[in-house]
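Colleague: I am new to this structure and do not know where to begin. Please take a close look at the interior, and set it against what lies around it.

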Amino acid sequence: MQPFNLATTNASVNIHGQKQTQNPILRGVKSVGSKLLIVKSFISMLFGDYSLDTVGELTYGLLETPAYDLVAQYLNQDPACATLIRDRYIPPAHDIDTLLTLPHNSLGYIYAAHIKKTGFDPNLHAGMTAKSDAEYVELRLSQTHDLWHVVTGFDTDEIGELGLQAFHLPQFPYPLATLLVANSLISTTLKAPEMLPQLLAAIGQGFQMGKTVKPLFAQKWEEGWEKPLRQWQAELNLQPLAHATTNN
């Protein structure tokens, strides 16, 4: 199993640059093109290509399908989620050095330390905008992906990534997560069957965790950087993975 991380993958889809068309012929052509893009990227991932471009292509293709509109409709049933979607809530860029001055048990500090350790760019989404509810949902999910890692305790290796993707599914019907989980099961079965028990355990653990936790999409994490991570988890009814480390 080849490690991959989704913290930056979705950012390869420049949501601001997407064009909406009303011409039915062009819509039909675009629909066919998006399906072909989905198939192409899915097959590439089966052969181990989890590059930023490939997962970005998968996301772009999915955004042109009704699946993402259904996600937005589902999330809009929750008042807090609906408010974020309506307001297109996107906070200012993260200043990692400033977050590292916060108490060591705070969400902001632990998140910043995670970003420093992994070397990810926390501000890849700066300047991006979303015209539709579906586009906003994907933008916000991509922007907060590493925050979800920190809060749930799922690692950023492949097993942890798939556990986190499975976590999404009881929270809302996330099409990118369903295809990534499906792809990993097929790929692992064909290429590394000895890893299936570990992968299935992570997927099951993520799915069960997601069923009992309050909606993570609804959270304005950036307005509570100072709050202790354990307080966030308690308020969300979230029991993180046993290996997750937090400060007292």
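Modeller: A residue counts as buried under 20% relative accessible area, as exposed over 50%, and as partly exposed in between. Asn237 has a relative accessible area of 47%, so this residue is partly exposed. The model is a predicted one, and the values below are computed from it.

First, the setting of the interior. The protein chain has 12 helices and zero strands. Of its 248 residues, 50% are buried. Among the contacts with a separation of 6 or more, 72% join residues 24 or more positions apart. The accessible surface of the chain is about 11500 Å², and carbon and sulfur atoms account for 58% of that area.

In soluble globular proteins, nonpolar side chains tend to be buried together. Here the largest nonpolar core has 55 residues, and those touching the most other members are Leu107, Trp148, Phe217 and Trp221. The element that gives the most to this core is helix H6 (residues 107–118), with six residues. A second core lies apart from the largest one; this other core has seven residues, including Leu162, Ala166, Val181 and Ala202.

Phe217 shows what surrounds one of these core residues. Leaving aside neighbours within four places in sequence, Phe217 is in contact with Leu75, Cys81, Leu84, Ile85, Tyr136, Val137, Arg140, Leu141 and Trp148. Trp148 is thus both a contact of Phe217 and, like Phe217, among the residues that touch the most other core members.

Arg140 is the charged residue to follow from that list of contacts. Its relative accessible area is 1%, so Arg140 is buried. The side chain of Arg140 meets that of Glu222 in a salt bridge, with N and O 2.9 Å apart. Arg140 is in helix H7 and Glu222 in the loop between helix H11 (196–212) and H12, so this pair ties together parts that are 82 residues apart in sequence. Glu222 also counts as buried, because its relative accessibility is 11%. Side chains of opposite charge can pair when their charged atoms come close.

The count of salt bridges is six. Helix H7 (residues 133–143) takes part in another of them through Asp133, whose partner is Arg88, with the closest N and O atoms 2.9 Å apart. Arg88 lies in the loop between H4 and H5, so the bridge ties together parts that are 45 residues apart in sequence. Asp133, at 29% relative accessible area, is partly exposed, and so is Arg88, at 25%. Arg88 also has a positive phi of about 50°, although this residue is not a glycine. A further salt bridge joins the side chains of Arg86 and Asp87, at 3.0 Å from N to O. Arg86 counts as exposed because its relative accessibility is 58%, whereas Asp87, at 43%, is partly exposed.

Two of the helices show how burial is spread along an element. In H2, the buried residues are Thr54, Val55, Gly56, Leu58, Thr59, Gly61, Leu62 and Leu63. The 12 residues of H2 (residues 52–63) should span 16 Å at 1.5 Å a residue, and the end C-alpha atoms are 16 Å apart, which agrees. In H10, Pro175, Leu176, Ala177, Leu180, Val181, Asn183, Ser184, Ser187 and Thr188 are buried. The 17 residues of H10 (residues 175–191) should span 24 Å, and the end C-alpha atoms are 24 Å apart, which agrees.

Gly48 sits in the loop between H1 and H2. With a relative accessible area of 10%, Gly48 is buried. The C-alpha atoms of Gly48 and Lys191 are separated by 9.6 Å, although the two residues are 143 residues apart along the chain.

Outside the cores, Val39, Ile43 and Phe47 make a nonpolar surface patch of about 330 Å². Ile43 belongs to helix H1 (residues 24–46). At a relative accessible area of 42%, Ile43 is partly exposed.

That leaves Asn237, in the segment after helix H12 (229–235). Asn237 has a positive phi of about 60° although it is not a glycine. Apart from neighbours within four places in sequence, Asn237 is in contact with Thr212 and Val213.

Notes: Residues are numbered from 1 along each chain as its sequence is written. This is a predicted model: local features need pLDDT of at least 70, side-chain atom pairs count only at pLDDT 80 or more; totals for chains, interfaces and linings use all residues. Side-chain values use heavy atoms; hydrogens and water are left out. A nonpolar core is a set of buried Ala, Val, Leu, Ile, Met, Phe, Trp, Tyr and Cys residues joined through side-chain atoms within 4.5 Å. Buried means under 20% relative accessible area, exposed over 50%, partly exposed in between (1.4 Å probe, protein chains only). Helices (H or I, at least four residues) and strands (E, at least two) are DSSP runs, numbered from the N terminus. Contact means heavy atoms within 4.5 Å. Patches are made of residues with over 30% relative accessible area and no salt bridge: like charges are joined within 9 Å, nonpolar side chains (Val, Leu, Ile, Met, Phe, Trp, Tyr) within 5 Å. Accessible areas come from the Shrake-Rupley method with a 1.4 Å probe; for residues, only the protein chains shown count as cover. A salt bridge is a side-chain nitrogen of Lys or Arg within 4 Å of a carboxyl oxygen of Asp or Glu. The expected span of a helix is 1.5 Å times one less than its number of residues.
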